[in-house]
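Okay, thanks everyone for squeezing in. I'll put the structure up and then walk through a few places in it, chain by chain.

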Amino acid sequence: MRRPERADSDPGEVLLEARDLTKHFPVRGHSLVGGRQVLRAVEGLSLAVRAGETLGVVGESGCGKSTLGRCLVRLTDVTSGTVSFHGRDITRLSRRQLRPVRRDLQLVFQDPYASLNPRRRVGDILSEPMQIHGYGDRRAIARHVQELLEVVGLNASHVDRFPHEFSGGQRQRVGIARALAMNPKVIVADEPVSALDVSIQAQVLNLFLDLQDEFALTYVFIAHDLGVVRHVSSRIVVMYLGEVVETAVTDPLYDRPGHPYTEALLQSAPDVEDEEVAPRERILLTGDVPNPVDKPSGCPFRTRCPYAQELCAREHPPLREVAPGRHVACHFPLVTPTGDVAQHALSAGGSGSAR
Amino acid sequence: MAMFIGRRAAAAVFVLFTISVLVFLIFFATPGVDPAARIAGRNADPATLMQVRHEFGLDRPIPIRYGLMMEHLFVQRDLTSFVNRGALVIPQILQAVPVTLSLVAGAAVIWMVLGLLMGTAAAARRGTALDPLMMLLGVVGVSIPVYWLGEVVNLLTQSRWHSGLFSWVPPLGYVGLSQSPGQWALHLLFPWLTLAALYAGIYARIVRGEILEALNEDYVRTARAKGLTERRILIRHALRCSLIPVVSLFGLDFGALVGGSALLTEVVFGLPGVGKLTFDSLQNLDLPVIMGCVMYAAFFVVLANAVVDVLYAALDPRVRRA
Amino acid sequence: MPESSLVRETVRGAGAAGPESLLDVRDLTVSFRTRQGVVRAVDGLSFSLAPGEVLGIVGESGSGKSVSVMSLLGLIRDPNARVEGQALFRGRDLVAMRDKDLRPLRGREIAMIFQDPMTAMTPVYTVGWQIAEQIRAHDDVSKRVAHERAVELLDEVGIPDPRRRVGDFPHEFSGGMRQRAVIAMALANNPSLLIADEPTTALDVTTQAQILDLMRRLRVEHGSSIILITHDMGVVSDIADQVLVMYAGRAAEQGPKKDVFHRPRHPYTWGLLDSVPRPRAERVRRLPTIPGSPASPLDVAPGCPFAPRCRMRHERCDERPELAGGPAHVDACWLPRDRRQELRREVVEAAVAEGDPGDLTEHGAPLDASTPPAPEQGP
């Protein structure tokens, strides 16, 4: 296989943890009259990110994965629950108290152009966080900026360029350099390659992996592309309508999905057919993701689930460990306690037969 | 939709209340400004001042005075002018309203028709000589001050060529619509054209810009791929979507003009409208009339806003649900 | 020009035989006059499409894939654009046709759907109105009949409760439903060719799978040919019969899907296939990347356009390679055709061994002369 699965062999300490995290947004309601509605972007979500691992977060648009990322770095306030970093609750810290935490906890955005000030030179963009956090004198900062540019594969002579003078891939490298500026411990990357051309995606993904090796970084990698997430992640969290429906180590999850939604996602992802991968029959989900303002009763996925039964409408399935290292929020998980494909999954033409 | 209108009306009432409080405080409760002294005249003796204060209720607490003012203004409608003792405020305003409404409504029809035609033509003929020509015409209309244009028009139609070309033009002033529709229109014709000249230019530019922007939208590309004619794409798709911002702007302009912004036109053409009334009362610092005029103006601006919102919802299905 | 006619012969082979083909594009060139000179967005593209066939055009941004199909329908409205070459649709040359004559073809014979379903429909009209408008633009039927047909079409593309939803406005539909509605609109006049420009890129994977499934079904039921433009090799693999890989406005490789995917010949195709992390195949440690950035149409290398990014670059690459190697499967590359599989493995190994190549080849820096990094003063 590829890089050592650190989370497997040597579970590092928990760096970043969310407990019962909930984030609601008020839906543009009418001030005086009319009922107020809330968009439940993230609801009762718990996860732990261990040192050195890459936790991949996948899900479709509107599943709350971006909101989760923003809550984790406290870019947005949370409605309830806690986020803790190094065991310290950072949920209610003030801006000033957050400042030292921010050094260790950085975010890389999807659209590098929107997140870089177009009127500032790359050198200024990179040195700004160092000035704020007091990195050192001007010479030290200038030297570090050059180092950063080289580390992310840019030419150190480009410090005086403006963001628009770079291509999309280069801008994302600048965004990564900025996140690296204060030697963070954790980087939360929100769809960092989805705006890039396919040939550039691979370059940036390799960069993420190289930097992880070099600086012992921990990643939370949020993306909708299943291939991309699989490539970088050691562990995966699958989200649906603001909730975690499954979490497991990458390979077992891709080989034998435990939640019907994970299975559906994997079957929907288009893949190139060649000698290795044969064309396959697949079951398609019907309908669309329900509106997060008006979530279904019981299991959120039951309206589109091919395995749904009467119990699913009644009872919300809790996220529970169905096999070692594998948590699934489903009344009828597709894996047995030994980690094999469950009988009913096979009969419904589950992924086990697809491979 | 009914719910939407109801909510909008409630909000409008609230805004009007706030404005009335603010205006009242500005004119009647500003330290150093003593309305009584103003009414009693210069060098009035303290006894007279006291008497005036009592007579006008100026010696009572501010909330009570506000209540009294509003009662006189809206319930009993017998608020009297400070300057022309005995002249009631409400009838004065009510008399002026039809004049202003006639002026503004007529001008609005002219400028909207002209603006839409010119703007659409300019956008459709982009790249030809017609486009810059239309826009130049628009700029000319926008840059000529209304009072100057009005005076020139008066000069030509009332004196210079009055005996010849413009012998059919009636003297300045206003004739009610109910009295004689023909004379009403004839008296207002040049005021309409003068006022419309300014706005037609502005609207032509806005309509052109909106259409050009709409023509770059994806849905226009879809319309083209559907095999629709260019004419249909321009009118049913691009122009239709451009109307949304234009109409909202129109509502606000219309409200402001009816609320008194047509002042210069009214003064130049001797039309006894609300603008002129406000102008006169401000010159005399006639507080009750000012109060009445401001409330009236606020009412129209707020009403226009509310109408715009409803129109917006009618034109743009996306806001209907919101 | 014996060589170019030879090339044409081979290219015609890629696709269906000439006379039976529905669309026969030959030497299509789209150029734009800009301040930096004439830019060729599409440069000598040729392909043909048989009735009922699906052609997948793959490429990155700036490859000219969208421009080429938009030019077929006369949808490039830029006055600085110039379209040359030939595009015979049922024997009539679309390129030579005046807009007036092209209009009746648009929507009726050739329908097109675009990437972003969110903005593709006019926001102020109901979905049904817009479908009915499409029908009535080409068929002389009453509004009632057109409306009924709109309901049927929505039903056909899988909109639940179509009789009620036909009166909805576009914003009341979800993204996937909007794309279904756009497809319904495109199918309204039973076109013989459907052009879909990145139809699933803005959609989620589960929705994308539904839309691709729908397109596959409609192709069987309506017998339409489809040109599908995408950057996603997975999508092409899913639905196409023929594949055309574009780079810098030119065809890098084209041929039947099986050939292109099982025995890809052009180093760019290798890159596209190998550098994308896949959800199912063997997991690799490092992705073999293509160095540099996609060529900008403003600055295409004089020889092989892909040469600046190619790991197999050699002296011959200064000369522009023509498509060859037919009959069905052709590519534009100077490498020895019998050793390509072996060379592909070498490229992968080299790429993986290399480490991060950085993004700063000469082509990495965008050459947008409107904002030059160091403005040069002219005389």
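Let me start with a question: does H86(A) count as buried, partly exposed or exposed, and at what relative accessibility? Have a look on the screen. It's partly exposed, at 38% relative accessibility. Before I go on, please keep in mind that this is a predicted model.

So, staying with H86(A): you'll find this residue in the loop between β4 (80-85) and β5 (88-89) of chain A. The reason I picked it is the backbone. Phi of H86(A) is near 55 degrees, so to speak on the positive side, and the residue isn't a glycine. As a reminder, most residues other than glycine have a negative phi.

There's another one in chain A. E191(A), also not a glycine, has a positive phi of about 50 degrees. That residue sits in the loop between β7 (186-190) and α8 (198-215) of chain A. Now, H86(A) was partly exposed, but E191(A) is buried, with a relative accessible area of 8%. The cut-off for buried is under 20%.

One more stop in chain A: C312(A). That cysteine is in helix α12 (residues 310-314) of chain A, and with a relative accessible area of 7% it is buried. What does C312(A) touch, leaving out residues up to four places away in sequence? The list is S297(A), G298(A), C299(A), R302(A), H331(A) and F332(A). And if you want a ruler on the screen, try C312(A) to V58(A): 254 residues apart in sequence, and 23 Å apart in space, C-alpha to C-alpha.

On to chain B. Which residues of α9(B) are buried? They are Y219(B), V220(B), T222(B), A223(B), R224(B) and A225(B). That's six of the eight residues of the helix, which runs over residues 218-225 of chain B, so α9(B) is largely enclosed by the rest of the structure. What I like here is where the cover comes from. In chain B it includes α8 (181-215) and α10 (230-261), and from chain C there are β6 (110-113) and α7 (175-187). Then, just after α9(B), you reach G227(B), with a positive phi of about 85 degrees.

Still in chain B, let's look at a helix pair. Helix α1 (residues 2-28) and helix α4 (residues 62-75) of chain B pack at an angle of about 115 degrees, and their axes are 11 Å apart. The crossing of α1(B) past α4(B) is right-handed. From α1(B), the contact uses F17(B), S20(B), V21(B), F24(B), L25(B) and F28(B), and from α4(B) it uses I62(B), R65(B), Y66(B), M69(B) and M70(B). Sorted by class, that contact has nine nonpolar residues, one polar and one charged.

Now chain C, and a bit of overview to begin with. Chain C has 12 helices and 11 strands. It has 379 residues, and 57% of them count as buried. Take the contacts between residues at least 6 apart in sequence: 67% of these join residues at least 24 apart. The accessible surface of the chain is about 15100 Å², with 50% of that belonging to carbon and sulfur atoms.

We've met α7(C) already, as part of the cover over α9(B). Within chain C, the axes of α7(C) and helix α4 (residues 127-138) come within 8 Å and cross at roughly 20 degrees. That makes α4(C) roughly parallel to α7(C). The contact is made by V127(C), Q130(C), I131(C) and Q134(C) on the α4(C) side, and A181(C), A184(C) and M185(C) on the α7(C) side. By class we have five nonpolar, two polar and no charged residues. This crossing is right-handed.

Last pair: helix α11 (residues 267-274) and helix α12 (residues 340-354) of chain C. They pack at about 55 degrees, with axes 11 Å apart, and that makes α11(C) oblique to α12(C). Who makes the contact? W270(C), L273(C) and D274(C) come from α11(C), while α12(C) brings R340(C), L343(C), R344(C), V347(C) and V348(C). Here the split is five nonpolar, no polar and three charged. And α11(C) passes α12(C) in a right-handed crossing.

That's my tour. Happy to go back to any of these on the screen.

Note on methods: Residues are numbered from 1 along each chain as its sequence is written. Chains are lettered from A and ligands numbered from 1 in the order in which they are written. This is a predicted model: local features need pLDDT of at least 70, side-chain atom pairs count only at pLDDT 80 or more; totals for chains, interfaces and linings use all residues. Side-chain values use heavy atoms; hydrogens and water are left out. Helices (H or I, at least four residues) and strands (E, at least two) are DSSP runs, numbered from the N terminus. Buried means under 20% relative accessible area, exposed over 50%, partly exposed in between (1.4 Å probe, protein chains only). Contact means heavy atoms within 4.5 Å. Accessible areas come from the Shrake-Rupley method with a 1.4 Å probe; for residues, only the protein chains shown count as cover. Axes are lines fitted to C-alpha atoms, for helices over the stretch in contact, and angles run from 0 to 180 degrees between N-to-C directions. Angles under 35 degrees count as roughly parallel, over 145 as roughly antiparallel, 65 to 115 as roughly perpendicular and the rest as oblique. A crossing is left-handed if the near helix is turned anticlockwise from the far one by less than a right angle, and right-handed if clockwise. Ala, Val, Leu, Ile, Met, Phe, Trp, Tyr, Cys and Pro count as nonpolar, Asp, Glu, Lys and Arg as charged, and the others, Gly among them, as polar.
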